[in-house]
Amino acid sequence: MTLTPEGLPKLGITLFSLTLEMRRPDYSLENMVRRVKELDLGPGVELVGFQSLRGWPQVSDDFASDFRNLLDECELLPTAMSMNLDLARRRDRFMTEDEGLAYLEAQMAAAKKLGFPIGKSAILSTPRFVEGLARITDRLDMTFGVEVHSPESVDSPHVQELWGLFDATGSPRLGFVPDFSASMHDVPPSLIGAHRASGMPEELIALVGEVWHSDSTMPEKFARFAQEATALGASPGDMGKLNMVLTMHGRMDPRRWDELMPKVVHVHGKFYEIDEQGNEPSIDHETIMDVLVQAGYTGYISSEWEGHAYTDAVSGWDMCRAQQDLMRRLLAQAADKRVTHAH
Amino acid sequence: VGPLDKDVVRDDALFATADGFALEIHSHWYRALPLTSLAVVDLSIDGERVDPAALTVEANGKTYPFDQLEDRYDDWWFTTDAVTLHIPRANAPANGSHRIELDLGLSIPYLIVGRGEDRKPLLASSHTDRTVVATERKTK
């Protein structure tokens with residue numbers, strides 16, 4: 001197992017990167033964890049409870065003990081458990097606040113049983129809900145993070161509102177999980193390629209790129225894209241697919257993660273592809289690593305490859321290996337810069 | 001079309017049964033969903049539309065009428081499992097090739113779209129149009 005040097009962020013993987021690999025006939029969670037060790041993609045392991053664990057959040061004592069032993073044997077550490085607040089699980093009504101808290105508490109307890117110190121999920125941004133969550137983290141001696149994922153950014157109202165609510169509880173156990181998808185400087189070229197291969201009209205591809213790069217708010221982008229795509233005769237299906245380009249890829253300046261760092265409990269290293277030079281063509285990993293190192297962040301970054309949403313032409317394993325090589329190199333470089341600045 | 005959309009109807013998904021067809025479907029969503037999420041099954045076999053009210057859904061070894069799934073929010077469709085749709089046909093169908101056209105709509109319980117009174121879960125749709133070979137299945 002290769003560790004990043006002391007005082008730097010630590011690396012790991014979320015098994016969500018291997019969504020397609022999980023559908024193969026020879027898949028098992030145990031084999032997947034062993035492969036993480038073989039490919040040196042730890043030491044951190046994150047997973048999505050509802051994806052990787054049958055019956056989640058019910059976790060038997062035997063399963064929990066086997067899982068912890070497996071990670072120990074592989075010299076891996078559980079980092080964050082991805083959870084979900086299934087507000088619309090019933091068809092007739094949404095969950096109440098109390099039901100939502102109970103739903104997350106059951107998942108937090110299951111995560112703790114498996115050895116995870118951090119839970120993450122979307123939550124309701126009400127004082128009562130956040131206070132309830134703070135009590136749950138106290139009871140379980142755990143930390144909880146809300147992901148800041150595109151289309152949200154550091155200064156979106158929802159994030160600011162949650163920040164205020166976290167502070168109002170006075171709890172140090174509540175915070176954020178930045179996701180690199182919020183701070184991209186381009187639409188992933190491989191995503192554009194996938195749309196092109198599926199027959200998406202070139203003028204619509206050009207339009208969504210132009211709107212994405214424009215300096216305007218998210219609602220303005222959606223409105224402009226809808227108007228101009230309609231004028232070009234786009235089908236509802238094509239408009240839906242290209243709306244996802246605007247939703248899933250945020251254009252925040254990556255230096256602005258610095259403002260969030262006091263409240264960061266875990267990091268999602270979202271990425272889509274690694275080019276022949278070993279770089280991510282649409283996400284500025286160098287700046288993000290600089291920000292994390294300058295802020296003194298020593299928690300985990302989970303490699304999170306999401307190209308599987310549109311391509312099965314590459315392996316999630318290879319992608320994560322390549323991104324970790326990139327991050328390792330950039331973290332060392334960022335640490336050198338920090339030393340240079342200090343002198 | 002994402003890779004998981006290609007996984008909804010696999011090559012070996014269709015069976016001819018004594019009273020119709022059985023079609024095994026896999027979810028195009030990355031995580032387990034409650035059976036209440038199985039919102040839309042718009043299916044035609046060989047161009048003949050299947051009335052959703054005539055469908056039964058087999059999941060985790062139990063069978064439910066498609067239009068009576070509303071209480072099944074504690075039953076999960078796990079990521080690696082198939083759900084089997086049982087499709088009655090008056091004349092017992094033959095083995096061999098059959099065209100499957102399926103619009104599968106999954107209600108995503110944690111992704112809420114819209115505002116105020118219009119808030120509702122995202123409906124994630126997946127379209128399949130392919131011809132597969134049915135084999136015989138004794139049960140059901």
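**Exercise 1. Size up the interface.** The area buried between chain B and chain A is about 2500 Å². State how much of this area carbon and sulfur atoms give, and how many residues each chain brings to the contact.

*Solution.*
Step 1. Fix the term: buried area is the accessible area (1.4 Å probe) that two parts lose on being put together, summed over both.
Step 2. Carbon and sulfur atoms give 54% of the area buried between chain B and chain A.
Step 3. Count residues in contact (heavy atoms within 4.5 Å). Chain B brings 32 residues and chain A brings 27 residues.

Conventions: this is a predicted model, where local features need pLDDT of at least 70, side-chain atom pairs count only at pLDDT 80 or more, and totals for chains, interfaces and linings use all residues. Residues are numbered from 1 along each chain as its sequence is written, chains are lettered from A and ligands numbered from 1 in the order in which they are written, and side-chain values use heavy atoms, with hydrogens and water left out.

**Exercise 2. Find the charged and polar links.** How many salt bridges does the count between chain B and chain A give? Give two pairs with their distances, then place the second pair.

*Solution.*
Step 1. Apply the rule: a side-chain nitrogen of Lys or Arg within 4 Å of a carboxyl oxygen of Asp or Glu is a salt bridge.
Step 2. Over all chains the structure holds 39 salt bridges. Between chain B and chain A the count is five.
Step 3. B:K6 forms one with A:D312, with the closest N and O atoms 3.1 Å apart.
Step 4. A:R54 and B:D81 also meet in a salt bridge, at 2.7 Å from N to O. A:R54 lies in the loop between α2 (49-52) and α3 (61-73) of chain A, and B:D81 lies in the loop between β8 (76-77) and β9 (83-88) of chain B, so the pair joins two chains.
Step 5. Helix and strand labels are DSSP runs numbered from the N terminus: helices are H or I with at least four residues, strands are E with at least two.
Step 6. Now count polar contacts. These are pairs of N or O atoms within 3.5 Å; within protein, one must be able to donate a hydrogen and the other to accept it, and residues adjacent in sequence count only if both atoms are side-chain atoms. The rule finds 19 residue pairs across the interface of chain B and chain A, both residues at pLDDT 80 or more.
Step 7. On the side of chain B that touches chain A, β4 (38-45), β10 (96-113) and β11 (120-136) of chain B each supply at least two residues. The largest share, three residues, comes from β10(B).

**Exercise 3. Trace the sheet of chain B.** What order do the nine strands of the open sheet in chain B have? Follow β10(B) to its neighbours.

*Solution.*
Step 1. Strands pair if DSSP finds at least two bridges between them.
Step 2. The order is β5-β4-β10-β11-β1-β2-β9-β6-β7, with mixed pairing. The edge strands, β5 (48-49) and β7 (62-65) of chain B, each pair on one side only.
Step 3. β4(B) and β10(B) run antiparallel over seven bridges. Here B:V41 stands opposite B:L104, and B:L38 stands opposite B:L106.
Step 4. β10(B) and β11(B) are antiparallel too, joined by 15 bridges. B:S107 stands opposite B:L123.
Step 5. Six residues lie between the strands of this hairpin, where B:G114 takes a positive phi near 85°.
Step 6. Check the loop between β4 and β5 of chain B, where B:D46 is found. B:D46 is not a glycine, yet has a positive phi of about 55°.

**Exercise 4. Trace the sheet of chain A.** Give the strand order in chain A and the helix that packs on β5 and β6.

*Solution.*
Step 1. The open sheet has eight strands in the order β6-β5-β4-β3-β2-β1-β8-β7, with parallel pairing.
Step 2. β6 (174-178) and β7 (267-271) of chain A are the edge strands. The twist averages 30° from one strand to the next.
Step 3. Helix α6 (residues 157-169) of chain A touches β5 (143-148) and β6 of chain A, and its direction makes about 150° with that of β6(A). Axes are lines fitted to C-alpha atoms, for helices over the stretch in contact; angles run from 0 to 180 degrees between N-to-C directions.
Step 4. In the loop between β5 and α6 of chain A sits A:P151. The peptide bond joining A:S150 and A:P151 is cis, with omega about 10°.
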